[in-house]
Structures are given as C-alpha cells and as structure tokens.
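Visitor: I would like a close look at one part of this model. Please keep it brisk, and build outward from a single residue.

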Amino acid sequence: MKPFVALLSCVAVWQPCLFPQEVSGRPKVPLIPTTWDHEALENLELPLASPAPSPTHVNSDYYYRLPIRPIYATYPIYGPGREPTGYIDWLKRQKPKILWDYSSSGKPVHAPPLRTKEDWINAGEMVFSSPIDWDESAVAVVRDPTMYRKTGMHLTKDGRMPYLRYVVRRPGLVEVGSDACAACHTRLMQDGSVIQGAQGNNPLERYGAYFDRLLAADSEHGKSFLEEERRGVLQNYAAPWIKRDPHSPENRLACPTTRPTADKSSRIPAASAPG
Ligand code: HEC
C-alpha cells in the first residue's frame, strides 16, 4: 500500500491504537489497515428498497492504481480588514511548493519524515488540511465583506477564516483550495481557538448558496454553471427509487439558486467546550 493512502486511512478510521509500543532504538511502524477492501464495502451498505439504482463500487485493484495527489503548501485566508498589507501580491510571488508527492513508479519525490509518532501525527495533519479542489474565482469571494456578513462566516482571533486556505500551484496564480477534511471537520470555539478533527462549524451551505448565486449571475458562464450544479445536486441528493422524489430534475429543489434551505440553514455558532 502506498504510504499516502495508508496515512489517509489512519486519519479516516481515527484509531489512536495504531501505534504499537515503541521498540527501543527502532522507529515506530504504525499498523496500517486496508483502506479499500472490496469485500467489506460490499457488506457495508444496506440493500436499497429498489435495487436497480444501487451504486457499484470500484474494485480495490482500480483504487490502488489511482494516481496519488500531490500535497501543496497552503496559506491562510484572512477576513475583511485583517489581511496583511500586500498579502495577495506576496502570494502571487510565491513559487508553487509541493510538500508530498510520488513519482509515477510510486517512489516519494517530496515527503515529510515518517519516523516517530510525532512525525506521523504531523503528516496526518498535513493530509487532513490538504485541499483536493481549487478555484481561482473563489479568491474574490473569500475577500468579500458581504460574504462574511451574509454567511456569518467565523474568524479566529487573529482574523483568519479557519476552514479554507489559499494554494499556489502555478507561478502567479492564487487559488482557494477546497474539500480538504479540514473544510468540514474544523471547529472554531468561543474562545477563538480551533479544534481540528471535530464536528465542524463551517457555514458551508450558506457560503455555497452565496457563491452559487454569483456564478449563476455571470452572463457568459452562468447557464453552464447552473447545469453543472444541478447535476451535482441530483448526484448528492436524488433518490430515484422514491416516487415524486423532491430532488427529481423537474423539481425546483434541484436548482441550486432556489435551494430554499441553504440560506436558512442554521448558522452553527462558535462552540463552547463540552461540560
Ligand atoms: C464536505 C464536508 C466533509 C468533508 C470534506 C469531509 N467530511 Fe467527514 N464527515 C462529514 C459529515 C457531514 C459527517 C457526518 C456524516 C453522518 O453522520 O452521516 C462526517 C463524518 C466523518 C467521520 C465519522 C465521524 C463519526 O463520529 O462517526 C469521520 C471519521 C470523518 N468524517 C473523517 C473525514 C476525513 C478523514 C475527511 C478527509 C479525507 C473528511 N471526513 C472529509 C463531512 C465532511
């Protein structure tokens, strides 16, 4: 198994017991469970009432042949009025920096050290925070004071938006990286501290609705954007085995700009510690 995939599985199953006791003088080698076990997946889901639209999972051979994503260095996003002077220009001057990647033959090109338990925890945090999607047009949105006002987006004490980060993958191009585990599993607490790996409180439904409307209003690409989004909504929510599925293509719920629930989705406040 490739170490990257293995590491992700460590994060995903969240088992602190993966590290056996250190044998003195020898590096710790974590016990790495199989991430994509076809047989286990087959038994994981309850059969649907109507089996026809059941999903079919790819087999593990295909899974382990997937190219491994490189992990790029990322940079914080600041809220309105909190950005250091000249920050975006500074970002544009940063060279793309890969922290972790593999050659096509599976050899690490860049990789963090993986010797001690501490190394593995740091590497896990790196994977947890690594975006898997990028968007240049989102830069204006995450710098837009109206977005912060309308979505109730939280900021840390030092003015950072805790859920998303900038990425530089090409010289001179700043993008917002999204879909990292961190985007959904980061929790800002009332005292301004941040817990990674908790139930997140990113107001992402509201952020999505705000962003969708901006993109849909674009005279050139608005129509194709809406079609693509509609496909995405159906892919995520449609239940074709239900008669009169509220997310059927004819229904207005399938249209992202009329998603009535998104704006009203409750804003999860900064959390206080339990107990
Ligand atoms: C788009 C948002 C989103 C992203 C990105 C995301 N998650 Fe989640 N995750 C959720 C939600 C929502 C749940 C709860 C699902 C439920 O209860 O049905 C969840 C549940 C989990 C759970 C189960 C927690 C429990 O208490 O049972 C784990 C573990 C987890 N995610 C790990 C990850 C890891 C690791 C990544 C990155 C590889 C990741 N998640 C990326 C939204 C996300």
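Leaving aside its neighbours within four places in sequence, which residues is Val142 in contact with?

Guide: The model is a predicted one. Beyond four places in sequence, Val142 is in contact with Ile77, Met161, Leu164 and Val176. Val142 itself lies in helix α6. Val142 is buried, because 22 other C-beta atoms lie within 10 Å, and the threshold for buried is 20 or more. Met153 sits eleven residues from Val142 in sequence, and their C-alpha atoms are 9.8 Å apart.

Now take Met161, one of those contacts. Again leaving out residues up to four places away in sequence, Met161 touches Ile77, Gly79, Val142, Met153 and Leu155. Ile77 thus appears in the list for Val142 and in the list for Met161.

These residues lead to the core. The largest nonpolar core holds 26 residues. Ile77, Val142, Met161 and Leu164 have the most contacts inside it. Several elements supply at least two residues each: the strands β1, β2 (74-78), β6 (160-170) and β7 (173-178), and the helices α6 (138-142), α8 (181-185) and α9 (204-216). Strand β6 gives the most, with six residues.

Next, the sheet. Four strands form an open sheet, in the order β2-β6-β7-β5, with antiparallel pairing. The edges are β2 and β5 (133-135), and each of these pairs on one side only. On average, neighbouring strands are turned by 45° against each other, direction ignored. Strands β2 and β6 run antiparallel and are joined by five bridges. One residue pair to look for there is Tyr78 and its bridge partner in β6, Arg160. In general, strands of a sheet pair through backbone hydrogen bonds, either parallel or antiparallel.

Strand β1 supplies core residues too, and its pairing is with β3. Two bridges join β1 (residues 71-72) to β3 (residues 98-102), and the two run antiparallel. Tyr72 has Ile98 as its bridge partner in β3. Strand β3 also pairs with β4 (residues 108-110), antiparallel, over two bridges. Here Tyr102 has Pro108 as its bridge partner in β4. Strands β3 and β4 form a hairpin, with five residues between them. In that turn, Gly106 has a positive phi of about 90°.

Follow the chain on from β4. Thr116 is in the loop between β4 and α5 (117-128). Thr116 is partly exposed, because 13 other C-beta atoms lie within 10 Å. Pro30 is 86 residues from Thr116 along the chain, yet their C-alpha atoms are separated by 9.7 Å.

Helix α5 has twelve residues. From first C-alpha to last, α5 reaches 16 Å, close to the 16 Å expected at 1.5 Å a residue. Trp120, Ala123 and Val127 of α5 are buried. They cover an arc of only 65° around the axis, so they are on the same side of α5.

Last, the whole chain. It has eleven helices and nine strands. Of its 275 residues, 19% count as buried. Among contacts with a separation of 6 or more, 64% join residues 24 or more positions apart. Back at the starting point, Val142 is one of the buried residues, and one of those with the most contacts inside the largest nonpolar core.

Definitions and conventions: Residues numbered from 1 in each chain as written. Predicted model: local features only at pLDDT ≥ 70, side-chain atom pairs only at ≥ 80, totals over all residues. Pairing = 2+ DSSP bridges. Core = buried A, V, L, I, M, F, W, Y, C linked by C-beta atoms within 7 Å. Buried ≥ 20, exposed ≤ 12 C-beta atoms within 10 Å, placed from the backbone. Contact = placed C-beta atoms within 7 Å. Axes fitted to C-alpha atoms, helices over the stretch in contact; angles between N-to-C directions. Expected span 1.5 Å × (residues − 1). Arc of directions from axis to C-beta.
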